[in-house]
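Visitor: I'd like a close look at one part of this model, the empty space inside it. Could you walk me through it?

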Amino acid sequence: MFATYFHPHTCQTSKAINLISFVGYSFPHYNHIRQEIAKKITIYPSLPVKKVKYSEYLRVHSHEYLQKLVFKALGKELNESMRSLPPLSIECEGLEYCLPGYVYGLGGIFAAIDEMKKVSLERAYCFSLVGHHAHKDWGHGYCLLNPLAAATKYAQSQGFHKILIIDWDIHHGDGTQSIFSYDHSVYCISIHSAVDIYMAKASDLNYGTTTMAEKVGHCNIPLISESITPDIITQIGLDGKFYRGHESLSKFRNALENLPWHPDLIFIFSGYDSHRDDCGKGITNWTNRDFQELTKYVLDLAKKIPCPVISTHGGGYQTPVTISAALSHIEILANYK
């Protein structure tokens, strides 16, 4: 009872791609990754194409923010309330034209939830444009909207009341954490780089600390490289507990063993930039085997409860590394007994 969702509809745009200005590892990169993985997972059943209304994102984003994105896509002048919202980061440039893809990506996760409600699906791997850096009314790091957060709210409306969200992308899932801060029905576990240059510029490193997670009702597992000393952590102004890469899997497993409750559904934001051959060198030092171990830990928990699991595609910048790691994750997700 496993299925995937990698339809090209998840990468639809409202105008020709060659006419859109993107920055860095943005939409074209993710679309290429989607295409390459899709070629290699045809042995698995596929969920049907599903489109949801754009308004489904109101579950986690403000009306002004969603309207702002539509206005930007249409080239309309923003009104005062839209201009007063926090600015989008440069990495989000052009993503307003990807709103058609966002509604199909969210539709795929909804489709998986619908099948799980009928107990006809146990696990799924869904592609949608990434979103863990998307907050209620702004986004950064290639994350304009937060499909996983919106799907969490939808799942709760379908009877999956307690939701566990796991994020092993190298960057902290700050948007998801902020959306569900003080929400006792959702529990986020993020294992990530504690001292990340990008996150220091785009967000706030304090959001990724154990101290902040405990304050807002979640769990952060911040990892530091061997070159980072306690003095450096103090100079940066961070507090809480920090861990080395060799401790990462055991700390993650311990977090799963100490949940506040048994989840009705588990979501994974499966980022592969935490691979040692991407951004994880010296921090996680994870290989494909480690991604498989992480996946097994989650599935062991899901079998014990029991509850279904939906994994969504996350970050990854080195194309061959990302594809290989994703396939390793999918193999376990589909076949682990």
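Visitor: Which helices and strands each supply at least two residues of the lining of the largest cavity?

Guide: They are α5 (147–157), β3 (163–167), α6 (174–179) and β4 (186–193); the names follow DSSP runs counted from the N terminus, helices being H or I with at least four residues and strands E with at least two. Before going on, keep in mind that this is a predicted model, where local features need pLDDT of at least 70 and side-chain atom pairs 80 or more, while totals for chains, interfaces and linings use all residues. Residue numbers start from 1 along each chain as its sequence is written, and side-chain values use heavy atoms, with hydrogens and water left out.

Back to the hole itself. The structure holds 3 cavities of 30 Å³ or more, a cavity being a set of points on a 1 Å grid over the protein atoms alone where a 1.4 Å probe fits but cannot get out. The largest one has a volume of about 150 Å³, meaning the space filled by probe spheres set on its joined points. Its lining has 21 residues, each with an atom within 4 Å of a point. Look for H132, L148, D167, T176 and F269, which lie nearest the centre. β4 gives the most, with 3 residues. By type, the lining has 9 nonpolar, 11 polar and 1 charged; here Ala, Val, Leu, Ile, Met, Phe, Trp, Tyr, Cys and Pro are nonpolar, Asp, Glu, Lys and Arg charged, and the others, Gly among them, polar.

Now follow β3 and β4 outwards. They run parallel and are joined by 5 bridges (two strands pair if DSSP finds at least two), and I163 stands opposite V186 in β4. Both belong to an open, parallel sheet of 8 strands, ordered β1-β2-β8-β7-β3-β4-β5-β6. β1 (2–5) and β6 (243–244) sit at the edges with a single partner strand each, so one side of each has no neighbour in the sheet.

Two backbone oddities are worth finding while you're rotating the model. A cis peptide bond, with omega of about -10°, joins I305 and P306, and P306 is in the loop between α11 and β8. V119 isn't a glycine, yet its phi is positive, about 60°; you'll find V119 in the loop between α4 (99–117) and β2. Most residues other than glycine have a negative phi, and most peptide bonds are trans.

Methods:
On a 1 Å grid over the protein atoms alone, a cavity is a set of points where a 1.4 Å probe fits but cannot get out, and a pocket is an open set with protein on both sides within 12 Å along at least five of seven lines; lining residues have an atom within 4 Å of a point.
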